[in-house]
Amino acid sequence: MTGIAPQEETAAPRQAPPAGGGPSAAARVVRALRAAVVPLALITLTALAGVVLGRVYAGDLLTRLVIGAAVGSVLVSVASRRLPSWLVAPVSMAAMAGWTLWALRLAATHADLPGSLLEVSADAARNGIPRLLTAMIPVEPTPDTVLVPVVAAWLAGLAGAEVALRTGRVLLGYLPAAGLYAAALYVVGPNAEPAIGTTVAFVAVAAVGLAAPSGTPSAGGDPTAGLAPGTRAAVRLRLAASAALGVALVIGLVALLGPVVAGQVDGRPVDPRRYVEPPQVQTLDENPLIRISGWALRPEQKLLDVNTVGATPPAGEANDPKATGGADDSKAGRSVQIRLAVLSDYDGITWRVGATYRNAGRILPATAPARDSTVDSVRQEITVAELSGRLLPAVATPREVSGARVAYDPATGTLIRPEGLTPGLRYTVTSARERPDNNLLATANVPAGEEVARVLRVADGVPDPMRRLATQLAEENGAPYERAVAIEQFLAEHYRVVADAPSGHAYPNLAFFLFGPRNGGGQRGTSEQFAASFAVLGRLSGLPTRVVVGFSCSGQGPVRAGDAYAWPEVLFDGLGWVAFNPLPRPENEPRPVEEDFRPTPEDPPQSEAPAPTVEPTASPEPVAAAEGPPARGGASTPVLVAGGSGALLLLVGALLLTLVAMRRSLTRKRLAGGDPGQRIAGAWREVTDALRLAGRPVGDDLAATEVAAQARQALAEARAGTPSGGSAPGSGPTGSATPGAEPAVDELATLLNQVGFAPEAAAADQAARAAEVATAYVANLRSARPWWRRLLWSVHPSPLHQARRSPHSHPRRPAR
C-alpha cells in the first residue's frame, strides 16, 4: 500500500502533458490573436489619417509614408513592451528619426530637388508648417510638405500604443489617432470631397478594437468572481449603475450634439489656408514694369541663358504680324516670348501683378485652354545670369518646373522663387503655349461680367483727353478686335520708341506721353508707356486688357536687357488672351498726333456764339451838393483820416502776424506731426512750397528725382544771381545744378520714394533727417532772394492755400 501510492502520484503528472498539451498551444494562439487586435486597430486608425490627407496631395507617396510611420511606431512599442516605460520613448524617437530622414530623401528624389540631405532636412524643418498651409492644391510631396504629417503620424502611433498596450486603456489610446484624423480633415478643408467612407471605416475599426477581448485570462469573465456573496451583489449594483449612467450620458450627448453635427454635414469646411499669409514679393516684383526703362539704358546686360529643347513655333510664324496682334517690328519678329509677370491691376498710378502665390511642386495645376486655340508644348532650360528679384521667367503657360522651388499664381500664370533668384540658378520649365485662331479674331467678342471685372476696372482720375481719344477710336470701330487694332495702329503711327525716356505710367505720365509737346519730351517713350497706354485706352473702350512684362528672344542663347519689353493683351471669347504690339516700326516716321486728334476741343466759330454788343451810353452829369453850414458836434476830417489809417495799419499788422503764425504752425505740423512717413512727406511739401515762392513751381507730372534736380538748379541760379527761367512746369528740368548746389535734396527725394512704395518702412531718424534737409534748403533758397522778397516770404499765403486744397494727397509720385 505504501509503495503503490507514490506510483499513482507520479503517474498523474506523466498523463497531464498529453491531456493538457493541445489546449495550451491553442490558448497561446488565441491570446496572440487577441493581443494583435488593438495594435492593428491603432495602425489602421493612424493610417486612415494619411489616407484622408493624401487626397489633396499629388500621387500616393504621402499616404505610403504615413502608413509606414503608423506601422513603425506601433511595432516599436509592441516590441518594447518588456522594456521599462522610460526607455521606450528614446528607442522610438531614434526609429522615427531614421524613418523621417528616409522619407525626406525619398520625397526630395521624387520632386527632383537639389541639395544634400542635411540641407533638405534643415529647410523642411524651418518651413514645414507654413509651406504645408500655403502649398497649392494638389500638394506636391516634397520634403517640407511630408515632414509634418510623417512626424505627427509617428508620435500619434507611439502615444496611442503606449497608453492602450501598457496601461490597458484602449479607448484613451485612441485619442491621439482621433486627433490626428481630425487635424487631417481640417487641413484638407473644402479642397476635397467629404471623407464619409474613411470616417465610417475609422469608427468601425475603433469599435472592433474596443469589442475584442484582451489577452488576459480573466478577460470576458465575471469581475466579481471570487468575492463574498454580499460584496458581489454590491459590486454588481455599482457596475450596473455606472453602465446606466454612461448610456444615459451617451444618449444625452447624441441628442444634444446630433442636430448640430447633422446641420454641418452640408456646410462648407473652413480652409485653414485663409489664415496663413502666402509668400510675398517686393515692389520690383509686384510692378516689374518700372524696370523697363532701366534695362533699356543697359541693353547689353546679360540676364538669362535660354536653351529651348522642346517644340518651336510653326514655320512662317516668326514673321507673321498676327502672331503679336498687329504691327511687325523687331520684337514681333522673334520666335519666343518669355513671360516674366502679368499685371492685371491698375489704380491710376501703378500697374501691379496683384497675385496670391501658393507654394507649388514640380507639377503645376493645369487650366483648360481656350476653346478656339491650339496648344503646343515648349520646354526650356533657363540659367539665371544677372536677373534679380523673385520673378521666375517662363513661356506662358507653365505646367512643370524642375530644379527650383517655386510658388505659383494660377490666375495670372506668374511664377516666383520665394528665396529669390541667384546667379547660376538653373531650372527646366515645360509650358503649354496657346495660339489663338487668327481667322476668328475679326468676329470674336469680349467677355463681360463679374469674372472679368478685374481687367475692365478703370481707376478714377482719367485725364479728359485720354477719355475722348478712347471714345473717338471706339466710335470709329465697332467690333472689339477692330477697336484693339485701332488703338494699336494709333500708337504705332504717332509715337516714337526711345531708350532714354523716363519711367512712369501713372495718369499724368500717360497723358504727357500721349499729348505732350514733342519738343518738350512728349510723344515718345519706352514699351512701358506704349503697353500701359494701350491697356488704359482699351479698358476705356470696353476691352478687358492687361500688361505683360517679359523678353523676346530666339529661344537659344543669351537674353539681354535690351530684349526686355512690355506688351498688352486683350481677352476674347473662345480665343483667350491675345497679345498686341503697339510699338512702331523702326523705319516709320511718326505723324503728329494733332493730325488725327486734338487734345482740347476747338473754339466754336464766332457766328455760332456771337458776343452780345452793348451800346455806350452817356455818363450822367455830376450833381453839385447843396452848400450849407458845416455840421457841428462831429469829429473833424483829419481826426477821421488818422483814426481810419491807424485802424487799417493795426488790421494789416494783425493779418501779417496771423499769416506768420499760421505759416509757422503749418511748418511745425509738417515736420513734427504724424508718423515718420507723414513727416517725410511734409518735409517734401516744404521744399515744393519754397520753389513756388521762389517763382519755380513744379508740375504734377514730375517724379521726385526730377523735382530734386529742378530744386538744385533753382538754388544754384538764385545764388549766381541769374533769373529763374527754366522749363515750364510739367516738362521736366532743363539743366543740372552747379557744383555748389545742395545734394541733400536728392536724399530727401529718395526718402519720399521709400514712403511712396513702403510707408511702414520709414523710421524716426529718417523723418528727422528729412526735416533737417528741408529746413536747410528753404533757408538757403530764401537767403539767396532779394531783401524785399525775403520780407514777403514768411507772410505769403500760397503754402496755406496749397495745404487747404490737398490736405491728404501724396506730395509727389515716386520715381519710376
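A helix here is a DSSP run of at least four residues, and helices are numbered from the N terminus. Keep that in mind for your opening selection: Ala-486, which lies in helix H13, residues 480-494. What you have open is a predicted model.

**Stop 1: Ala-486**

Select Ala-486 in helix H13. Is Ala-486 buried or exposed? Its relative accessible area is 13%, and buried means under 20%, so Ala-486 counts as buried. Now add Pro-582 to your selection. Ala-486 and Pro-582 are 96 residues apart along the chain, yet their C-alpha atoms are separated by 9.8 Å.

**Stop 2: zoom out**

Show the whole chain as a cartoon. How many helices and strands are there? The chain has 22 helices and 16 strands. Of its 816 residues, 43% are buried. Take the contacts between residues at least 6 apart in sequence: 78% of them join residues at least 24 apart. Switch on the surface, and you are looking at about 41,200 Å² of accessible area, with 61% of that belonging to carbon and sulfur atoms.

**Stop 3: a cis peptide bond**

Go to Ala-396 and Thr-397. Most peptide bonds are trans. The one joining Ala-396 and Thr-397 is cis, with omega at about -5 degrees. Thr-397 sits in the loop between strand S6 (373-384) and strand S7 (398-402). With a relative accessible area of 16%, Thr-397 is buried.

Which residues does Thr-397 touch, leaving aside its neighbours within four places in sequence? Its contacts are Arg-339, Tyr-408, Thr-430, Ser-431, Ala-432 and Arg-433.

Pick Thr-430 from that list and select it next. Thr-430 belongs to strand S10, residues 426-436. Thr-430 is buried too, at 18% relative accessibility. Beyond its neighbours within four places in sequence, Thr-430 has contacts that include Ser-377, Val-378 and Arg-379, as well as Thr-397.

**Stop 4: a positive phi**

Jump to Gln-523. Most residues other than glycine have a negative phi. Gln-523 goes the other way: its phi is positive, near 60 degrees. You'll find Gln-523 in the loop between helix H14 (507-515) and strand S12 (524-525). Its relative accessibility is 4%, so Gln-523 counts as buried.

**Stop 5: salt bridges**

Side chains of opposite charge can pair when their charged atoms come close. This structure holds 23 salt bridges, so here are a few to click through.

- Show the side chains of Asp-60 and Arg-64. Their closest N and O atoms are 3.5 Å apart. Asp-60 is partly exposed at 45% relative accessibility, and Arg-64 is partly exposed at 47%.
- Next, show Asp-746 and Arg-712, whose side chains meet in a salt bridge at 2.5 Å, N to O. Asp-746 lies in helix H19 (744-757) and Arg-712 in helix H18 (704-720), so this pair ties together parts that are 34 residues apart in sequence. Asp-746 is partly exposed at 30% relative accessibility, while Arg-712 is buried at 17%.
- Stay with helix H19 and pick Glu-747 there, along with Arg-769 in helix H20 (764-783). Their side chains form a salt bridge too, at 3.1 Å, N to O. This pair links distant parts of the chain, 22 residues apart. Arg-769 is partly exposed, with a relative accessible area of 30%, and so is Glu-747, at 33%.
- To round off this stop, select Asp-123, Arg-126, Asp-144, Arg-405 and Glu-419 together. Salt bridges that share partners join these residues into one network.

**Stop 6: two patches on the surface**

Turn the surface back on and colour Arg-664, Arg-668, Arg-782 and Arg-790. These residues form a positive patch. Arg-664 is in helix H16, residues 637-672, and at 57% relative accessibility Arg-664 counts as exposed.

For the other patch, colour Trp-787, Trp-788, Leu-791 and Leu-792. What kind of patch do these residues form? They make a nonpolar patch, with about 490 Å² of accessible area together. Trp-787 is in helix H21, residues 787-793. Is Trp-787 buried or exposed? Its relative accessible area is 58%, so Trp-787 is exposed.

Conventions
Residues numbered from 1 in each chain as written. Predicted model: local features only at pLDDT ≥ 70, side-chain atom pairs only at ≥ 80, totals over all residues. Heavy atoms only, no water. Patch = residues over 30% accessible without salt bridge, like charges linked within 9 Å, V, L, I, M, F, W, Y side chains within 5 Å. Areas by Shrake-Rupley, 256 points an atom, 1.4 Å probe, with all protein chains shown as cover. Salt bridge = Lys/Arg side-chain N within 4 Å of Asp/Glu carboxyl O. Lys, Arg positive; Asp, Glu negative; His and termini not counted. Charge placed at Lys NZ, Arg CZ, Asp CG, Glu CD. Buried < 20%, exposed > 50% of the residue type's maximum accessible area, 1.4 Å probe, protein only. Contact = heavy atoms within 4.5 Å.
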